[in-house]
Amino acid sequence: MEIYEAMSTLRAVRRLRPDPIPVDVLERVLQAGCWAPTGGNQQPWRMIAVTDPDLKRQLADLYKPEWAKYVATFLDRIAGSPEEDKWRRVGSAGDYLADHLHEAPVILIFCADPSRMAITDAHLDRVSMVGGGSVYPAVQNVMLACRTEGLGCVLTTLHCKRESEVKDVLGIPDLWATVAIVPIGYPVGKGHGPISRRGPDQMTYLNRWKVPWNSGE
Ligand SMILES: Cc1cc2nc3c(=O)[nH]c(=O)nc-3n(C[C@H](O)[C@H](O)[C@H](O)COP(=O)(O)O)c2cc1C
């Protein structure tokens, strides 16, 4: 698949079939993650591919109540908005994922070791952004590889609300952080398709902040 087609159709697929993923396909997806860049090429992250039914169930049991809390406030927020129907459909897909997370053939959990990262914004008086930059490119590589392989997936983070319990379930060491949970499986329906995003005209400035990219300056 051409890279631009993969990027522009990589949408969140939350309805996944339980059918197994062939080992060679999964290995290609995992390899794609390992090709991602990291600060100082340290690769200070690991993936755990959770396939054990009992462990997947425990992860799903931790995720589900956090999704329920999140979606309740989300639905309040979008009530009456012009795109309410669209957002309600996203909410339903999220409900489906929360109910069926344990059925995904693979739940990939990304972990990171902050002690091996040069977090160059750690001293600033704001939330650090840089540390995640040594992990999320791997997550995106994995997701693009899934797209190429016809696998559905979605980046999720709500498990972080229950991080210590998640770490207990999977035996993740104290000093490691959890970064994302990506359930992977073949889509129930069509799965991937065109995505809706603002484009460069709205997302890019030319030379200085707020100068429109296409201003011809
Ligand atoms: C940092 C991050 C955290 C996310 N956390 C969750 C999550 O916990 N649960 C979920 O269902 N989707 C989660 N998502 C998926 C987003 O909701 C989704 O990518 C976004 O709505 C765009 O959807 P689309 O790709 O289908 O257009 C997360 C995405 C990102 C980038």
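This is a short walk through the chain as a whole, its ligand site and one residue in a strand, Ile107.

**The overall fold**

First, a caveat: what you're looking at is a predicted model. The chain has seven helices and four strands, and going along the sequence they come in the pattern α-α-β-α-α-β-α-β-α-β-α. How compact is that arrangement? The radius of gyration is 19 Å, close to the 17 Å that the globule rule gives for 217 residues, so the chain is as compact as a globular protein of that length. If you want a box for it, the C-alpha atoms fill roughly 60 × 45 × 40 Å along the principal axes.

As for packing, 39% of the 217 residues count as buried. The surface that the chain exposes comes to about 12,500 Å², with carbon and sulfur atoms supplying 54% of that area. Contacts also reach across the sequence: take those between residues at least 6 apart, and 80% of them join residues at least 24 apart.

**The ligand site**

Now for the ligand. Its surroundings include Leu10, Arg11, Ala12 and Arg14, along with Tyr63 and Trp67. The run Val154, Leu155, Thr156, Thr157 and Leu158 is there too, and Arg197 completes the set. Sorted by class, this shell has seven nonpolar, two polar and three charged residues.

Which backbone atoms come within polar reach of the ligand? Leu155, Thr157 and Leu158 each offer one, as set out here.

| Residue | Protein side | Ligand atom | Distance |
|---|---|---|---|
| Leu155 | polar backbone atom | nitrogen | 2.9 Å |
| Thr157 | polar backbone atom | oxygen | 3.0 Å |
| Leu158 | backbone N or O atom | oxygen | 3.2 Å |

How much of the ligand does the protein cover? On its own the ligand has 630 Å² of accessible area, and the protein covers 63% of that.

**A closer look at Ile107**

Away from the ligand list, Ile107 is worth a visit. Ile107 sits in strand β2, which spans residues 106-112. Is Ile107 buried or exposed? Its relative accessibility is 0%, and buried means under 20%, so Ile107 counts as buried.

What surrounds it? Setting aside neighbours within four places in sequence, Ile107 is in contact with Ile48, Ala49, Val50, Lys56, Leu59 and Leu101. Ile181, Val182 and Pro183 are on that contact list as well. Pro183 makes a nice example of a long-range pairing: Ile107 and Pro183 are 76 residues apart in sequence, yet their C-alpha atoms are 4.2 Å apart in space.

Key
Residues numbered from 1 in each chain as written. Predicted model: local features only at pLDDT ≥ 70, side-chain atom pairs only at ≥ 80, totals over all residues. Heavy atoms only, no water. Near = heavy atom within 4 Å. Polar contact = N/O pair within 3.5 Å; in protein donor to acceptor, adjacent residues only side chain to side chain. Areas by Shrake-Rupley, 256 points an atom, 1.4 Å probe, with all protein chains shown as cover. Nonpolar A, V, L, I, M, F, W, Y, C, P; charged D, E, K, R; others polar. Helix = DSSP H or I, 4+ residues; strand = E, 2+ residues; numbered from the N terminus. Rg over C-alpha atoms; globule rule 2.2 N^0.38 Å. Buried < 20%, exposed > 50% of the residue type's maximum accessible area, 1.4 Å probe, protein only. Contact = heavy atoms within 4.5 Å.
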